[in-house]
There are 2 protein chains.
Amino acid sequence: MSSRLDRVDLKILRLLQNNGRLSNAELAGTVAISPATCHRRTQRLFEDGFIAAVRAMVAPKKVAKGTLVMVGVVLDRSTPESFAIFEQAIAKLKFVLDCHLVAGDFDYFLKIRVGDMEDFNRIHGEQLIALPGVRQTRTFFVMKEVVDNAPLEF
Amino acid sequence: MSSRLDRVDLKILRLLQNNGRLSNAELAGTVAISPATCHRRTQRLFEDGFIAAVRAMVAPKKVAKGTLVMVGVVLDRSTPESFAIFEQAIAKLKFVLDCHLVAGDFDYFLKIRVGDMEDFNRIHGEQLIALPGVRQTRTFFVMKEVVDNAPLEF
DNA sequence: CTAATAGCGGAAGTATCTTCCATGTCGTCA
DNA sequence: TGACGACATGGAAGATACTTCCGCTATTAG
């Protein structure tokens, strides 16, 4: 929490969110401060945890991960132990992009990327329903990605 | 689709996915090729669209967006026109991170980031249920983010 | 076997990064 | 009001990295 962000910090954050490979010189120029100051500001944003990471967004279709699936999961029992075991197991499944414990008709919501439907069916049968404590799953195939992973507005 | 990715390309992609600010020299050193070759490879990965963007991941809690909500949406009518109008409208809502047309009990799934529950209630009442063609929404508050936006495995 | 093509790494000029330091600004306290 | 302290800023400079050019090698096709 801690330190406040002034107008300059916000500008840097937004610029790096749009293009994480901007050079310090380019940043400084756009924000209209000296490279030295910009360097210190940016460094602080990293050190203080405002920027968790900088990631290249790999185009899913280019690497045979063009199919997106949302899955609702219901567990057998709603005990803390069941949740912990489930979460531990799902962290190992690399095709799971999101896994959120939610309030409502499901216990967890998953966002999964796979190559195609056939790929998903195999994964669903071999890995998802085999997860510890899973009573049922409900699959929502994504037919159109209207907005995917939009940058955070702040 | 087009051009193939060899072992070196994959390494570069994975490294940049983990740290998008790696310098060309660091990349080259890790992948064990010359800076010149590495520069050419990386440039091609961008030009050919394998890397859609490089983004700084801003920590949501640090910028008052610590509350995550999943929302299922059902429209009044399932006509192409209804879908188009809805999608056009939702693209303007900056707090919507994901919006996917799905097959199943809902028409759309939304992933939304807001400051807190109060914030969400206001947005839900003023903006979500006011979207064109919305019959009903079902809200799933996220109580725990087990995995959020994990890097793509390929 | 020869030639064409594509990819590689070395080299060098240019640009950038990163640190140090002097200067300036703001707020506090005497 | 004035002096002081804490902090942030920008300039400068050595070290580093970027980007392009060019010659070399390997692979493929004829």
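In the predicted model, a polar side-chain atom of Ser34(B) lies 3.1 Å from a phosphate oxygen of DNA strand C, within the limit for a polar contact (a pair of N or O atoms within 3.5 Å; within protein, one must be able to donate a hydrogen and the other to accept it, and residues adjacent in sequence count only if both atoms are side-chain atoms). For Thr37(B), the distance from a polar side-chain atom to a phosphate oxygen of the strand is 2.6 Å. Chain A contributes His39(A), with an N or O atom of its side chain 3.1 Å from a phosphate oxygen of DNA strand C. Two or more residues of the surface near this strand are given by each of helix H2 (24-31) and helix H3 (35-47) of chain A and helix H3 (35-47) of chain B; a residue is near if one of its heavy atoms lies within 4 Å, and helices (H or I, at least four residues) and strands (E, at least two) are DSSP runs numbered from the N terminus. H3(B) provides the largest share, four residues. Among the residues surrounding the strand are Asn24(A), Ala36(A), Arg40(B) and Arg41(B). Sugar or phosphate accounts for 69% of the atoms of DNA strand C within 4 Å of the protein, and bases for the rest.

Residues are numbered from 1 along each chain as its sequence is written, with chains lettered from A and ligands numbered from 1 in the order in which they are written. Local features need pLDDT of at least 70 and side-chain atom pairs count only at pLDDT 80 or more, whereas totals for chains, interfaces and linings use all residues; side-chain values use heavy atoms, with hydrogens and water left out.

Between the protein chains, 66 residues of chain A are in contact (heavy atoms within 4.5 Å) with 67 residues of chain B. The buried area, the accessible area (1.4 Å probe) that two parts lose on being put together, summed over both, is about 6,100 Å², with 60% given by carbon and sulfur atoms. On the chain A side, Arg21(A), Arg55(A) and Lys62(A) lose the most area to chain B, together 13% of what that side buries.

Six salt bridges (a side-chain nitrogen of Lys or Arg within 4 Å of a carboxyl oxygen of Asp or Glu) cross this interface. One of them joins Asp105(A) to Arg138(B), at 2.5 Å from N to O. Polar contacts between the two chains number 44 residue pairs, both residues being at pLDDT 80 or more. S5(A) supplies the largest share of the side of chain A that touches chain B, ten residues.
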